[in-house]
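This report goes through one protein chain, from its overall make-up to its cores and individual side-chain pairs.

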Amino acid sequence: GRVSAELFPLCSFSQCIEDDTGLHFQCHRGEDGYRRSKLCPCGEANRRLLTLRAIGLPDEALERNHINYSFPPELEQKARHWLECVSRGQRRVLLLVGPPGTGKTHLMYALSYIAALNLNLRITYLTQPHHLRDLKERMDDKGKILKTTRGSRAVFIDELGYGSNGTAWERGEMNRLLHEAWSLNQSLVIASDLTWPDLGKYLDRRIRDRLLEGTEKKRLVHIFEGPSRRTEGVQW
């Protein structure tokens, strides 16, 4: 939006302005004064936000308060163990399985924050529906640039098996993505709404065995139970 013309350079990158959130935005001069554009890469708050955006987290993840996320004790132990192993350079797989609305995605957001901001790990977050959509758009537009997980220390895959009655192509592409992550020695956090037996059927045998290996014989598997938190206390 439009900002005051009484600006001064606050950093070496460009002219920028600090808004009431503490973030700095680059500005450019227009016919009717200065206008705010993109985030300026100065300041700790800006760097943290830019890091989170680079991960691929959706806007809803950036707006949530993850600092006060409450882990059940058993799940906290698994999450801490995964983080400790990955920070030491060890490949580990955290598998989160359970019905929609039980907290899997929220946990993935929280782990993304910790891994990227506290441990300075390069990670990539994606969901199956968006990943497959991008692949299909790439088929129609050869100039489209696809998000790549190469170079990431860990890959977060949400909604694995979404629309499990989908095409063989969809299932094949998700299994291919998992094989690629394994071949690149990347750690994984995977969330799925499928039941544990159905997830086993969705994965091809070779990658299924490798994922189990990464969970330390299912030590890093967590089955979520209970009703959806999204509709808690609300009836249809």
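The text below covers the fold in outline, the nonpolar cores, one helix, some single residues and the salt bridges.

**Overall make-up**

The model is predicted. The chain holds eight helices and eight strands. It has 236 residues, of which 45% count as buried. Of the contacts between residues at least 6 apart in sequence, 70% join residues at least 24 apart. The exposed surface of the chain comes to about 13,600 Å², and carbon and sulfur atoms supply 49% of that area.

**Nonpolar cores**

In soluble globular proteins, nonpolar side chains tend to be buried together. The largest nonpolar core here has 28 residues, and the members that touch the most other members are Trp82, Leu96, Ile123 and Phe156. Two or more residues of this core come from each of helix H3 (73–87), strand E4 (93–97), helix H4 (104–118), strand E5 (123–127), strand E6 (154–158) and strand E7 (187–192). H4 gives the largest share, nine residues.

Leaving aside residues up to four places away in sequence, Leu96 touches Leu75, Lys104, Leu107, Met108, Val189, Ile190, Ala191, Ser192, His222 and Phe224. A second core, separate from the largest one, has 23 residues, among them Leu126, Val155, Ala181 and Leu211.

**Helix H3**

H3 has 15 residues and spans 21 Å from first to last C-alpha, close to the 21 Å expected at 1.5 Å a residue. Its buried residues are Leu75, Lys78, Ala79, His81, Trp82, Leu83, Cys85 and Val86. These buried residues pack against E4, H4, E6, E7 and strand E8 (221–223). Just after the helix, Gly89 has a positive phi of about 90 degrees.

**Thr127 and Asp134**

Thr127 is located in strand E5. Is Thr127 buried or exposed? With a relative accessible area of 8%, Thr127 is buried, because the cut-off for buried is under 20%. Not counting residues up to four places away in sequence, Thr127 touches Asp158 and Glu159. The C-alpha atoms of Thr127 and Leu160 are separated by 7.3 Å, although the two residues are 33 residues apart along the chain. The side chain of Thr127 also joins that of His130 in a polar contact of 2.9 Å.

Asp134 belongs to helix H5 (residues 128–140). Its relative accessibility is 19%, and Asp134 therefore counts as buried under the 20% limit. A polar contact of 3.2 Å links the side chains of Asp134 and Arg133.

**Positive phi outside glycine**

Most residues other than glycine have a negative phi. Asn120 has a positive phi, near 55 degrees. Asn120 sits in the loop between H4 and E5, and at 66% relative accessibility Asn120 counts as exposed. Asn185 also has a positive phi, near 60 degrees. The loop that holds Asn185 runs between helix H6 (168–183) and E7, and Asn185 is partly exposed, with a relative accessible area of 38%.

**Salt bridges**

Side chains of opposite charge can pair when their charged atoms come close. The whole structure contains eleven salt bridges, including the following.

| Pair | N to O distance |
|---|---|
| Lys78 and Glu74 | 3.1 Å |
| Asp193 and Lys104 | 2.9 Å |
| Arg176 and Glu180 | 3.9 Å |

Lys78 and Glu74 both lie in H3, four residues apart, which is about one turn of the helix. Lys78 counts as buried at 11% relative accessibility, whereas Glu74 is partly exposed, with a relative accessible area of 48%.

Which parts of the chain does the pair of Asp193 and Lys104 tie together? Asp193 lies in the loop between E7 and helix H7 (196–202) and Lys104 in helix H4, so the salt bridge ties together parts that are 89 residues apart in sequence. Asp193 is partly exposed, with a relative accessible area of 37%, whereas Lys104 counts as buried at 4% relative accessibility. Lys104 is also one of the residues that Leu96 touches.

Arg176 and Glu180 both lie in helix H6, four residues apart, about one turn of the helix. Arg176 counts as partly exposed at 36% relative accessibility. Salt bridges that share partners join Arg150, Glu173, Arg176 and Glu180 into one network.

Definitions and conventions
Residues are numbered from 1 along each chain as its sequence is written. This is a predicted model: local features need pLDDT of at least 70, side-chain atom pairs count only at pLDDT 80 or more; totals for chains, interfaces and linings use all residues. Side-chain values use heavy atoms; hydrogens and water are left out. Buried means under 20% relative accessible area, exposed over 50%, partly exposed in between (1.4 Å probe, protein chains only). Contact means heavy atoms within 4.5 Å. Accessible areas come from the Shrake-Rupley method with a 1.4 Å probe; for residues, only the protein chains shown count as cover. A nonpolar core is a set of buried Ala, Val, Leu, Ile, Met, Phe, Trp, Tyr and Cys residues joined through side-chain atoms within 4.5 Å. The expected span of a helix is 1.5 Å times one less than its number of residues. A polar contact is a pair of N or O atoms within 3.5 Å; within protein, one must be able to donate a hydrogen and the other to accept it, and residues adjacent in sequence count only if both atoms are side-chain atoms. A salt bridge is a side-chain nitrogen of Lys or Arg within 4 Å of a carboxyl oxygen of Asp or Glu.
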